[in-house]
Amino acid sequence: MSGSGRTDPPAGAPDHDPHRGERGRGVPVNSGDVNNGTARTGHRGAGQITGRPDADPASASARDRTGRVALADRVPGRLPDLDGSAADAPAAAGDQPTPSGPDATPKPVTSPGTSTYTGTGSDIGSDIGTGSGPLAATAAPAEPLGLPRDDLERLVNGTHHDPHALLGAHPAGDATVVRVLRPDASAVIVLVGEDRHPATRLHSGGVFAVALPGVLPDYRVEVAYPHGSHVVDDPYRHLPTLGEMDLYLISEGRHEELWKVLGAHLRELTTPGGATVTGVGFAVWAPSARGVRLVGDFDFWDGRAFPMRSLGHSGVWELFVPGAGVGLRYKYEILGFDGVWRQKADPMAFRTEVPPATASVVTHSDYTWDDQDWLDQRARTAWHAEPISVYEVHLGSWRRGLSYRELADQLTAYVLANGFTHVEMLPVAEHPFGGSWGYQVSAYYAPTARFGSPDEFRHLVDTLHHAGIGVIVDWVPAHFPRDSWALGRFDGTPLYEHPDPRRGEQPDWGTYVFDVGRNEVRNFLVANALYWFEEFHIDGLRVDAVASMLYLDYSRPDGGWVPNVHGGRENLEAVAFLQETNATVYRRFPGVMMIAEESTAWPGVTRPTHLGGLGFGFKWNMGWMHDTLDYNSRQPVHRSYHHHQMTFSMVYAYSENFVLPFSHDEVVHGKGSLLRKMPGNRWEQLANLRALYAYMWAHPGKKLLFMGCEFGQDNEWSEAASLDWPLLSDPPHRGVANLVADLNEVYRSTPALYRRDSDPNGFSWIDANDTANNVFSFLRWSDGTSAGGQPNAAGLTAVVTPNAATPNAAIRYGADGAGQSAAGGNPAGVDAADGGVLACVTNFAGIVHHGYRLGLPFPGRWREVLNSDGQRYGGGNIGNFGAVQAVEEPHHGLPASATLTLPPLGTVWFRYDPDTADSPGSSA
């Protein structure tokens, strides 16, 4: 099945001829005659529809063969005899639907649901249980109306692949036969203008028919029940809402706007008579289903009235329901390949009920965006050379109880005040279990209803954009939960998941794994990525658990995985899927970001796809994160033995475009908060955390910090509680928050800290080997160019060349980067206004280092632009009185040096001031 466009039906199952039941614009819409027990549909030479041997006899209950049974007379376990009297009989599979809501165990349907109508549809639902006014008695037909008994049985039992071939208006010689399906109706009248034409009951399951002379113009249907009558439109007189090109692209797995044709959409159709009919078009992919019916508020969750048609080999089932509207809840009732009816939420639902309720909800966006300036600027931005400082947020626990609209005000103001450039949201797609934090998604196209409507989520994004803040959303294409009402075994077969459990099940998380080698599944996910950019204007997707997709043996024992066609462990289908997703996203949305959480050393994660890479823009640097936290969790006296855990990151820093993450994964599951990972007493913990943050912000790579870490959250994060906001009134924790805000401010105003993140020439060690003092010192360089890559006014650039003798670097300056020696170089080659060069010195020892001599590339004044031990941050205020003076005394292989005071567990940043290049003096 992998890679195919369809799942072949079992022997005897209904076929999926794409031409069956297609109709022209006029009414009658089906050609052919009705006689001798057969009905031919003549559109493009379609074949006959005759009695079929594959009909399920068990699904044709005695009730289906009787005369009249009203809704009020239906009792589970009691079926009427042929003469209309009631007799005990078992309920047949498929007779009635299960109630709405989650149900972990698929089972044959046995009783009607009890949901009530809460939507806004005008006509839907009005034909059952409400209304008034009797109808005239049913009259005899004017022309033969017969249909094969087998077709009728399959129609009323939901197993007919094309109910439109039987229902609606069909030519019959010089007449037109109109057939209507209205279970439990006592009578039906077809209305043509002012004329009323009573219909004959053909089947006790609610099939009525009437023959009318000539070609029929528009018509409507008046339906009577014991308690009233209603005028409704007929769903079965309308053309499919998907075109042939849509179906072709779906089968090929190349429909980049899949969400525009599948799912539930408000539509306006025009009848042959020129009338406008409003309603909802429903379409779902279920290629191995033996029948699909629509259930929801409009039919009291009893799907007998709304069987859907199969649109050929595409596997898509479709139905337009006149009168349906925004707010209606619905599901698909699917007779699976295994013969079991299941109620399934729409995989393409754009809105859902609030969990734990599980129904899909019809929605329509009328949101007016006001962020075009942001989008235009984004399209012109090369993010590799721009500052990116990401605040990672779980919307439900940042401040519990807030809606999208409240978050738009409060979260935006908070992020803006703290200087972050982007917000990254843990998955916002709908998920049934809050404890998964959103990483077990059940509705990939619906923002979670926990916080409001899809348009209210749009408002949140729009508000952040107005504040100049980008929005990144976590995306989970690796796996999905097993809930029986969602994607799992959707049509009774492994449809979205791989059929082989060694590839289709994820043992770590108890979930299914997407079969991305199948065209339609790959299309479902690629289109979903595009959907979030197109419909919600997000600025990036952070793709979760990429490593679990790339390796066939990921977290699997020997013998528990299947090699690829070459005998290797690489998942070739997943590689192709990720490449296609990234290439398609970047082609359609310039200036956005695709970010990989990839925890191994897979080569070329951020290499372009045309060079054989996966095509991501950035990758989380998980190795840096683990090494850095491991080092900082040790007592300072032991750190000298682990010194090069901190320097190792520079060995591979330019192999990918990295983001440095301190993410949610590091503060859960017993790991404790970042603050509690630091050793020592509380003062030492806070000082160490501040020093670590300042070291991180100076290190090459974009920045990401999980919520609460910005003020030193004390408790481990829990999705069930808000952050420890009272800590902000505690001066030491307020000091951590002040430091993070200042780090972001200096970072954004200092191009040396971001302009050359992906360029080895943007970094050089001063001293990577001071293990005795637990000190790390390095330089960050701006190349003195504009964002467009042009030389600065002096026409000079700085070039860093590795020194074979030491891990430091020799610096030389000149118009071509190769002319002058470091000692004689012109420091005017570095543009101070452009951020110039910045020296970062971190002391991870628990003691002060007085008189610490540091090599520097230029003599002159170096301003202390940040000190994590400052009093404003809750530190001991040990520093260098705002600046040091470097003299022409070589040290650390550099032409100048200065004497510093390094605070304990502190990081100090110095920025060179070229206006003092000729100023005499010594270190302060």
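Colleague: How do the residues of the lining of the largest cavity divide into nonpolar, polar and charged?

Modeller: Ten are nonpolar, six polar and five charged, where Ala, Val, Leu, Ile, Met, Phe, Trp, Tyr, Cys and Pro count as nonpolar, Asp, Glu, Lys and Arg as charged, and the others, Gly among them, as polar. This is a predicted model, in which local features need pLDDT of at least 70 and side-chain atom pairs 80 or more, while totals for chains, interfaces and linings use all residues. Residues are numbered from 1 along each chain as its sequence is written, and side-chain values use heavy atoms, without hydrogens and water.

Colleague: Which residues lie closest to the centre of the largest cavity?

Modeller: They are Arg503, Val513, Phe514, Met549 and Asn571, out of 21 lining residues (those with an atom within 4 Å of a cavity point, on a 1 Å grid where a 1.4 Å probe fits but cannot get out). The volume of this cavity, the space filled by probe spheres set on its points, is about 240 Å³.

Colleague: Why is His265 called buried or exposed?

Modeller: Its relative accessible area is 15%, and buried means under 20%, exposed over 50% and partly exposed in between, with a 1.4 Å probe and protein chains only; His265 is therefore buried.

Colleague: What lies 2.8 Å from a polar atom of the side chain of His265?

Modeller: The backbone oxygen of Trp259 lies at that distance. Beyond its neighbours within four places in sequence, His265 is in contact (heavy atoms within 4.5 Å) with residues including Trp259, Gly279 and Phe350.

How values were computed. On a 1 Å grid over the protein atoms alone, a cavity is a set of points where a 1.4 Å probe fits but cannot get out, and a pocket is an open set with protein on both sides within 12 Å along at least five of seven lines; lining residues have an atom within 4 Å of a point. A polar contact is a pair of N or O atoms within 3.5 Å; within protein, one must be able to donate a hydrogen and the other to accept it, and residues adjacent in sequence count only if both atoms are side-chain atoms.
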